[in-house]
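Biologist: Before I rely on the labels attached to this chain, I should like to examine the grounds for each of them. Please take me through the reasoning.

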Amino acid sequence: MQAALSHGLAASGPVLGNGFGLAGFTGFSREEVCCLALRGVAMNTVSWSDSSTYTNETHHYFSVANVVQPRCVFSPETAEHVSYAVRIFNEVNCNFAVRSGGHLPVPGSNGKDGAVLLVTSKLKTLDVRGKTARIGPGNTWIEVYRETDKVGKVVLGGRLGSVGVGGLVLGGGISFQGPEHGFACDTVVNFQVVTADGQIRNANATSNPDLFWALKGGGNRFGIVTRFDMKLYPLSKVYGGTITYEYSSLPYLLEQVDIFHRQEKDPKTSLFVNVMDAADIGYGQFLEVVLYYGRPSFGVPAVLRPFFEIPGIVANTVSLKSYSKLVPSGREGLPPGVFSHTWRSLTYQRSAVINKEISTIFQEEVKRFRIVNKGNLQPGIFTLAYEPYATGILTASQRTHGNALGLDGRKGTLMLSLLTYSWINRTESATRTAAVKTSVERMKGFSLAMNKHVDFIYINAAAPDQRPFQSYGKENLRRLRYVRSKYDPKGVFSSLQAGGFPL
Ligand SMILES: Cc1cc2nc3c(=O)[nH]c(=O)nc-3n(C[C@H](O)[C@H](O)[C@H](O)COP(=O)(O)OP(=O)(O)OC[C@H]3O[C@@H](n4cnc5c(N)ncnc54)[C@H](O)[C@@H]3O)c2cc1C
């Protein structure tokens, strides 16, 4: 059997070689066959459960609840390795999952017990010369920004350094520069992607343009992206950081957020807010606003001044700094791999009334959760985030060959609200996921009643039972399904691949 597995990477045709096929693998599961076959790719690309690589990779998740026990871990080093793997998955019909930064806290979305786990950790291309950055999905954003800082430029990516490049861009990607340049996916000029037939393709405005469009919001349904070519923008120092306030400042903070959101004074400025209740783990309740001003400034720029005048400031890290210093690699208190998390989001048209009501619902539901589960659950943290979508992020795709998200600015500026419960063990997901759902459904009910609800689910902030693709609009859904039928007629990425939202 070993001889049959040791072959080169043929560009096409059956990969198990010479009609040997599955017959020689009697007694092995399909996933074991795939793992064994993948050993022929290159030295040290397959790791088994007795190795430290396996342990590290299977624990490389932001949320502890996502930790898995795959049959083996496959760590391709090149697009050719990925191509070979996809052809093996096809031929053997084995289950697989794809993980980049591992930050999507939806269990099963980036790994599955017993399947082959393809990790992008060794796909680390990172070239920021010229006008376009070439970025492998194995990079985290902090790694990317440290390189772009060196050349006085930036690409649009995560606002927390530990997030992975792969998932964020394929889901859209909200960055600090969104108001000026759009979603991160809008700034991609080319995806290098391995499609279901194992072909390594370029998807861009002229080559496979339908796939190019679908990958901008289509998540993991269309292939495995092995390189993102993204526009580089000039950026020297930025003025930004986090202001932390007492919980009682919430009405003042929400008021300023709404004014900032309404006025849209400067597309080089953005922010998001976290309402945090960490009392159960001894950190109390507090508020954070993370501010970004994309120019050097030696004092507080006028557009941000109101946030410095809100009473109850307890800490302030806002200053002039390099971009990689603004975007920490793991926010204090919530580093990757310590807590389990469950989240759910909603979108609505900008409304000070809804912002306020949502915070009230948040507080009431957390209180109720504590009473109902008193003494039965691990201590946890409750977070409500407000993330304004400026006009610029909603309309940029009209200049960049479109994206699949279905947002166009016609409903004015929007707000994304994200509710997250975090706790210190792997169990309890069901109770907390149900509680988060109840809260967000209440919030949604209010925004519907105000006639401001927007049926858009951001895939990168979606709960397992939410349906992002169905929220992109009928025409976009039809188009996505058409593109899938063209590039993946057998549904490899929908049926053999674990995780991902149904399309
Ligand atoms: C602490 C934190 C901060 C965040 N900050 C932001 C933010 O600032 N802006 C924002 O927009 N979002 C943010 N997010 C959400 C984030 O974008 C999503 O969780 C995203 O899925 C993470 O990408 P990843 O590569 O780390 O995740 P993974 O869990 O590895 O991947 C997510 C999904 O994408 C698929 N996938 C990953 N790589 C590939 C690839 N190369 N080819 C095909 N499919 C692939 C996976 O199969 C999986 O289903 C944040 C999340 C967390 C937990």
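The following exchange sets the labels against the criteria behind them.

Biologist: What kind of model is this, and how is the chain divided?

Modeller: This is a predicted model. The domain assignment gives domain 1 (2-120), domain 2 (126-234 + 474-490) and domain 3 (238-468).

Biologist: How do you know where domain 1 and domain 2 stand relative to each other, and what makes up their contact?

Modeller: The centres of domain 1 and domain 2, taken over C-alpha atoms, are separated by 23 Å. A contact requires C-beta atoms within 7 Å, and 13 residues from domain 1 and 18 residues from domain 2 take part. Helix H4 (residues 79-92) supplies six residues, the largest share of the side of domain 1 that touches domain 2.

Biologist: Why is the sheet with the order E1-E2-E4-E3 called open, and which strands are its edges?

Modeller: The sheet has four strands with mixed pairing. Strand E1 (46-47) and strand E3 (96-99) each have a single partner strand, so one side of each is left without a neighbour in the sheet, and these two strands stand at the edges.

Biologist: What makes strand E2 and strand E4 a pair?

Modeller: Pairing requires at least two bridges. Strand E2 (residues 72-74) and strand E4 (residues 116-119) have three bridges, in the parallel sense. In one of these, Phe74 has Leu118 of E4 as its bridge partner. Helix H2 (residues 30-38) packs on this sheet, where H2 touches E1, E2 and E4, and the direction of H2 makes about 40° with that of E4.

Biologist: Why is strand E8 described as largely enclosed?

Modeller: A residue is buried if 20 or more other C-beta atoms lie within 10 Å of its own. Five of the seven residues of strand E8 (residues 188-194) are buried, so E8 is largely enclosed by the rest of the structure.

Biologist: How do you know which strands are the partners of E8?

Modeller: E8 pairs with strand E10 (residues 224-231) over six bridges, in the antiparallel sense, and five bridges join E8 to strand E9 (residues 200-204), also antiparallel. Val193 illustrates both pairings, standing opposite Val225 in E10 and opposite Arg201 in E9. Phe191 has Phe228 in E10 as its bridge partner. E8 and E9 form a hairpin with five residues between them, and Gly198 in the turn has a positive phi of about 90°.

Biologist: What is the order of the five strands in this open sheet, and what makes a strand an edge strand here?

Modeller: The order is E5-E6-E10-E8-E9, with antiparallel pairing. Strand E5 (126-127) and E9 each pair on one side only, and they are the edge strands. H4 packs on the sheet, touching E8, E9 and E10, and the direction of H4 makes about 50° with that of E8.

Biologist: How do you know that helix H9 has the expected span?

Modeller: The 14 residues of helix H9 (residues 250-263) should span 20 Å at 1.5 Å a residue; the end C-alpha atoms are 20 Å apart, which agrees. Just after H9, Glu264 takes a positive phi of about 45°.

Biologist: Which residues of helix H14 are buried, and why are they said to share a side?

Modeller: Helix H14 (residues 429-449) reaches 30 Å from first C-alpha to last, close to the 30 Å expected for its 21 residues. Ser429, Arg432, Thr433, Ala435, Val436, Ser439, Val440, Met443, Phe446 and Ser447 are buried. They cover an arc of only 160° around the axis, which puts them on the same side of H14. On the other side, Ala430, Ala434, Gly445 and Ala449 are exposed. Among the elements packed against the buried residues are strand E17 (340-349) and strand E19 (414-423).

Biologist: What makes E19 mostly covered?

Modeller: Ten of its ten residues are buried. Leu414, Leu416, Leu418, Thr420 and Ser422 point one way from E19, while Met415, Ser417, Leu419, Tyr421 and Trp423 point the other way. E17 and E19 pair over ten bridges in the antiparallel sense, and Leu346 has Ser417 in E19 as its bridge partner. E18 and E19 also pair antiparallel over ten bridges, with Glu387 opposite Leu416 in E19.

Conventions: Residues are numbered from 1 along each chain as its sequence is written. This is a predicted model: local features need pLDDT of at least 70, side-chain atom pairs count only at pLDDT 80 or more; totals for chains, interfaces and linings use all residues. The expected span of a helix is 1.5 Å times one less than its number of residues. A residue is buried if 20 or more other C-beta atoms lie within 10 Å of its own, exposed if 12 or fewer, and partly exposed in between; C-beta atoms are placed from the backbone. The arc is that of the directions from the helix axis to the C-beta atoms. Two residues are in contact if their C-beta atoms, placed from the backbone, lie within 7 Å. Axes are lines fitted to C-alpha atoms, for helices over the stretch in contact, and angles run from 0 to 180 degrees between N-to-C directions. Domain bounds come from an automatic or database domain assignment.
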